[in-house]
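Let's walk through this structure together, starting with the overall fold and then moving in to single residues. Keep the view open as you read, so that you can follow each step.

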Amino acid sequence: MDDPRDGMRVRALRGATSVDNDRAEDITEATSELLARMMALNHVGAGDLVSILFTATPDLRAGFPAAAARELGLGDVPLLCASEIDVAGGLARCIRVLMHLYSERTPAELRHVYLRDAHSLRPDQS
C-alpha cells in the first residue's frame, strides 16, 4: 500500500501573537487568527498536522490557546499548552506556537508567522 505522505518530512513551523487583555475570548481570537494564517501561508491542512505546542506568557491566565485549535476543528491533533519562561523585558501577553507537520517543503521554504506585537520578536519573519 502506498503511503500518501511519501516524499514528505516532519517539519516544524513557528508563530507568535499577542493580546491586549487577559481575556479568554481575546486569547482564542488571537490564537485562531495565528493558526489560520500559519496554515494558509504554508498550505497546511488538518491532515498534515502531527501536533501543536502552545506557550503563553505567565500574565495570560484566562484561557488555553489550544481551545482555539479545537474551535478550528483541530481537536484530533495532539495539543499541549505550557507556560513561557518569565524573562525580564520579554514581550507581555504573548502566545507562541510550534506546529509539527508533514510537508514536502524544506525548512527554508516554510513561512513562520509573527502577528500583532509579536512582530517585534522576528521582524525578518513577518
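The protein chain has two helices and five strands. Bear in mind throughout that this is a predicted model. If you trace the chain along its sequence, the elements come in the pattern β-α-β-α-β-β-β. The radius of gyration is 15 Å, close to the 14 Å that the globule rule gives for 126 residues, so the protein chain is as compact as a globular protein of that length. Along the principal axes, its C-alpha atoms fill a box of roughly 50 × 30 × 20 Å.

A few overall values help to set the scene. Of the 126 residues, 36% count as buried. The accessible surface of the protein chain is about 7,200 Å², and carbon and sulfur atoms account for 50% of it. Take the contacts between residues at least 6 apart in sequence: 84% of them join residues at least 24 apart.

Now turn to the sheet. In what order do its five strands lie? The order is β3-β2-β4-β1-β5, in an open sheet with mixed pairing. At the edges stand β3 (79–83) and β5 (113–114); each has a single partner strand, so one side of each is left without a neighbour in the sheet. As a reminder, strands of a sheet pair through backbone hydrogen bonds, either parallel or antiparallel.

Strand β4 is a good place to look at the pairing in detail. Strand β1 (residues 9–18) pairs with β4 in the antiparallel sense, over ten bridges. Within this pairing you can find Ala16, whose bridge partner in β4 is Arg96. Strands β2 and β4 also run antiparallel, and seven bridges join them. Two places to check are Ser51, which stands opposite His100 in β4, and Ala56, whose bridge partner in β4 is Ile95.

Next, look at how the nonpolar side chains gather. The largest nonpolar core has 19 residues, and Leu49, Ile52, Val97 and Met99 touch the most other members. At least two residues of this core come from each of α1 (24–41), β2 (49–56), α2 (66–71) and β4 (94–103). Helix α1 gives the largest share, four residues. Apart from this core lies another, of six residues, among them Ile27, Ala30, Ala56 and Leu60. Ala56 is thus a residue to revisit, as a member of this second core and as the bridge partner of Ile95.

Met99 deserves a closer look. Which residues does Met99 touch, not counting those up to four places away in sequence? They are Arg11, Ala12, Leu13, Leu35, Met38, Met39, Leu49, Ser51 and Ile52. Of these, Leu49 and Ile52 are named with Met99 among the residues that touch the most other members of the largest core.

From here, move to the loop between β2 and α2, where you will find Thr57 and Asp59. Is Thr57 buried or exposed? Thr57 is buried, because its relative accessible area is 7%, under the 20% cut-off. Asp59, at 32% relative accessibility, counts as partly exposed. A polar contact of 2.4 Å joins the side chains of these two residues.

Both residues also reach the backbone nitrogen of Arg93. The side chain of Thr57 does so at 3.2 Å, while a polar atom of the Asp59 side chain lies 3.0 Å from that nitrogen. Leaving aside neighbours within four places in sequence, Thr57 is in contact with Glu84, Leu91, Ala92, Arg93, Cys94 and Arg96. On the same basis, Asp59 touches Asp22, Ala92 and Arg93. Asp22 and Asp59 are 37 residues apart along the chain, yet their C-alpha atoms are separated by 7.3 Å.

Arg93 itself sits in the loop between β3 and β4 and is partly exposed, with a relative accessible area of 30%. Most residues other than glycine have a negative phi. Arg93, however, has a positive phi of about 50 degrees although it is not a glycine. His43 is another residue with a positive phi, near 55 degrees. You will find His43 in the loop between α1 and β2, where it counts as exposed at 61% relative accessibility.

Terms used:
Residues numbered from 1 in each chain as written. Predicted model: local features only at pLDDT ≥ 70, side-chain atom pairs only at ≥ 80, totals over all residues. Heavy atoms only, no water. Core = buried A, V, L, I, M, F, W, Y, C linked by side-chain atoms within 4.5 Å. Buried < 20%, exposed > 50% of the residue type's maximum accessible area, 1.4 Å probe, protein only. Contact = heavy atoms within 4.5 Å. Pairing = 2+ DSSP bridges. Polar contact = N/O pair within 3.5 Å; in protein donor to acceptor, adjacent residues only side chain to side chain. Rg over C-alpha atoms; globule rule 2.2 N^0.38 Å. Areas by Shrake-Rupley, 256 points an atom, 1.4 Å probe, with all protein chains shown as cover.
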